[in-house]
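Grab a viewer and work through these exercises with the coordinates open. Each one has a task and then a solution you can follow click by click.

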Amino acid sequence: MSRRVFAIADTCFLIDWARFRRKDMLFKLFKAVFVPEDVLNEVRSEETIAWISSALSRDYLALYTPSRDEVNEARQLIEESRLKPHIPSVDLPEAICLVAGRRRGYVVLTENRGALLIPKFMSRYSGVVVWRSLEVILNAILEGVVEIDCSKPGELFSEYSRDTLHIFPTKALNRAVEEVKRKCLGK
Amino acid sequence: MPGEVEREIAEEEREARELRRRFADWDFISKQPPKIREALKYYIEKGDLRRAAKLAGLTIEEFRELLRSARIPVVV
């Protein structure tokens, strides 16, 4: 299965993304976004549940039930990551997403720093593509699934920050805005 | 592992901690019950949503809402 067809999202990603006014852009980037059952158990607010249930009914979201073998690999990943001093903690829901990313080529959607860093520090997971909301928004712009005003290349990122009280690290945001500018210039 | 990656990670973590400290509504935090107050302080220092929520005895989503009330941003 080629990349970018499917994604798998963890709780931290979903609960912030659900507050974004343009949240449905996610479903123009992927044919389906899987949600591990454990993640679904962690969602409680009416707003998030309403969005998830609506997306499930439209087949944009799909439930992901990990196999016993995947759960075992996820537990092993957690143990191995504890031996790496640069990696913040990763728990089972994020680890399951990373295992699905490695085995099935799903893009992992997360706001967990540990999950973001694992591909950089653990060679077994180096091929896993991990996106924060920053990369989701950037790729939505680059792939033309959302229209932007080129006189305000950072506007969509600011919109997300205002909707969610989520701030992007300065360097990563600047790099993303530069990519948007290049797209606007047709480079 | 290249040193540049390590440096960038450390820099991002430092920036994130500073932003959480700067934006936090410390008056709101000081008025919370001890368990919640300590969980919010832990989050400001570590940025670990799941562990902070567990410390507070809340779900992740409830704790995320509490962060908004305390004006503490998620920086990732």
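A nonpolar core here is a set of buried Ala, Val, Leu, Ile, Met, Phe, Trp, Tyr and Cys residues joined through side-chain atoms within 4.5 Å. Keep in mind that this is a predicted model.

**Exercise 1: the core**

Find the residues with the most contacts inside the largest nonpolar core, and say which helix gives the largest share of it.

Solution.
- Start with the total: the largest nonpolar core holds 90 residues.
- Next, pick out the residues with the most contacts inside it, which are A:Trp17, A:Leu26, A:Leu109, A:Phe157 and B:Phe63.
- Then look for the top contributor: helix H6 (residues 92-104) of chain A supplies 7 residues, the largest share of this core.
- Finally, zoom in on A:Phe157. Skipping neighbours within four places in sequence, A:Phe157 touches A:Leu134, A:Ile137, A:Leu138, A:Ile141, A:Phe168, A:Leu173, A:Ala176, A:Val177 and A:Val180.

**Exercise 2: one cysteine and one covered helix**

Decide whether A:Cys97 is buried or exposed, and list what A:Cys97 touches beyond its sequence neighbours.

Solution.
- Locate the residue: A:Cys97 sits in helix H6 of chain A.
- Check the accessibility. The cut-off for buried is under 20% relative accessible area, and A:Cys97 comes in at 1%, so A:Cys97 is buried.
- List the partners: leaving out neighbours within four places in sequence, A:Cys97 is in contact with A:Ile8, A:Ala9, A:Asp10, A:Pro36 and A:Val108.
- Add a distance check: A:Cys97 and A:Pro66 are 31 residues apart in sequence, with their C-alpha atoms 9.2 Å apart in space.

Now do the burial count for helix H8 (residues 133-142) of chain A.

- Of the 10 residues in H8(A), 9 are buried, making this helix mostly covered.
- Among those buried are A:Ser133, A:Glu135 and A:Asn139, along with A:Leu134, A:Ile137, A:Leu138 and A:Ile141; those last four also turn up among the contacts of A:Phe157.
- Just past the end of H8(A), A:Gly144 has a positive phi of about 75°.

**Exercise 3: where the chains meet**

Describe the interface between chain B and chain A, then work out how H7(A) and H1(B) are oriented.

Solution.
- Count residues: 28 from chain B are in contact with 33 from chain A.
- Get the area: about 2,700 Å² is buried between the two chains, and carbon and sulfur atoms give 52% of it.
- Find the big losers on the B side: B:Arg50, B:Glu61 and B:Val76 lose the most area to chain A, together 29% of what that side buries.
- Now the helix pair. The axes of helix H7 (residues 113-121) of chain A and helix H1 (residues 3-23) of chain B come within 12 Å and cross at roughly 175°.
- An angle over 145 degrees counts as roughly antiparallel, so H7(A) is roughly antiparallel to H1(B).
- The residues involved are A:Arg113, A:Leu117, A:Lys120 and A:Phe121 on H7(A), facing B:Val5, B:Ile9, B:Glu12 and B:Glu13 on H1(B).
- Sort them by type and you get 4 nonpolar, no polar and 4 charged.

**Exercise 4: inside chain B**

Give the layout of chain B, then sort the residues of two of its helix contacts by type.

Solution.
- Read off the elements: chain B has 5 helices and 1 strand, in the order α-α-α-α-α-β.
- Take the dimensions: the C-alpha trace of chain B spans about 45 × 20 × 15 Å along its principal axes.
- Note the burial: 45% of the 76 residues in chain B are buried.
- First pair: H1(B) and helix H3 (residues 34-46) of chain B have axes that come within 7 Å and cross at roughly 145°. B:Arg17, B:Arg20 and B:Arg21 of H1(B) meet B:Tyr43, B:Ile44, B:Glu45 and B:Lys46 of H3(B). That contact sorts into 2 nonpolar, no polar and 5 charged.
- Second pair: helix H4 (residues 49-56) and helix H5 (residues 60-69) of chain B pack at about 95°, axes 9 Å apart; they are therefore roughly perpendicular. B:Leu49, B:Arg50, B:Ala52, B:Ala53 and B:Ala56 of H4(B) meet B:Ile60, B:Phe63 and B:Leu67 of H5(B). This one sorts into 7 nonpolar, no polar and 1 charged.
- Wrap up with H5(B): 7 of its 10 residues are buried, so the rest of the structure largely encloses it. Just after H5(B), B:Arg71 takes a positive phi of about 60°.

How values were computed
Residues numbered from 1 in each chain as written. Chains lettered and ligands numbered in written order. Predicted model: local features only at pLDDT ≥ 70, side-chain atom pairs only at ≥ 80, totals over all residues. Heavy atoms only, no water. Buried < 20%, exposed > 50% of the residue type's maximum accessible area, 1.4 Å probe, protein only. Helix = DSSP H or I, 4+ residues; strand = E, 2+ residues; numbered from the N terminus. Contact = heavy atoms within 4.5 Å. Axes fitted to C-alpha atoms, helices over the stretch in contact; angles between N-to-C directions. Parallel < 35°, antiparallel > 145°, perpendicular 65-115°, else oblique. Nonpolar A, V, L, I, M, F, W, Y, C, P; charged D, E, K, R; others polar. Buried area = accessible area lost by both parts, 1.4 Å probe.
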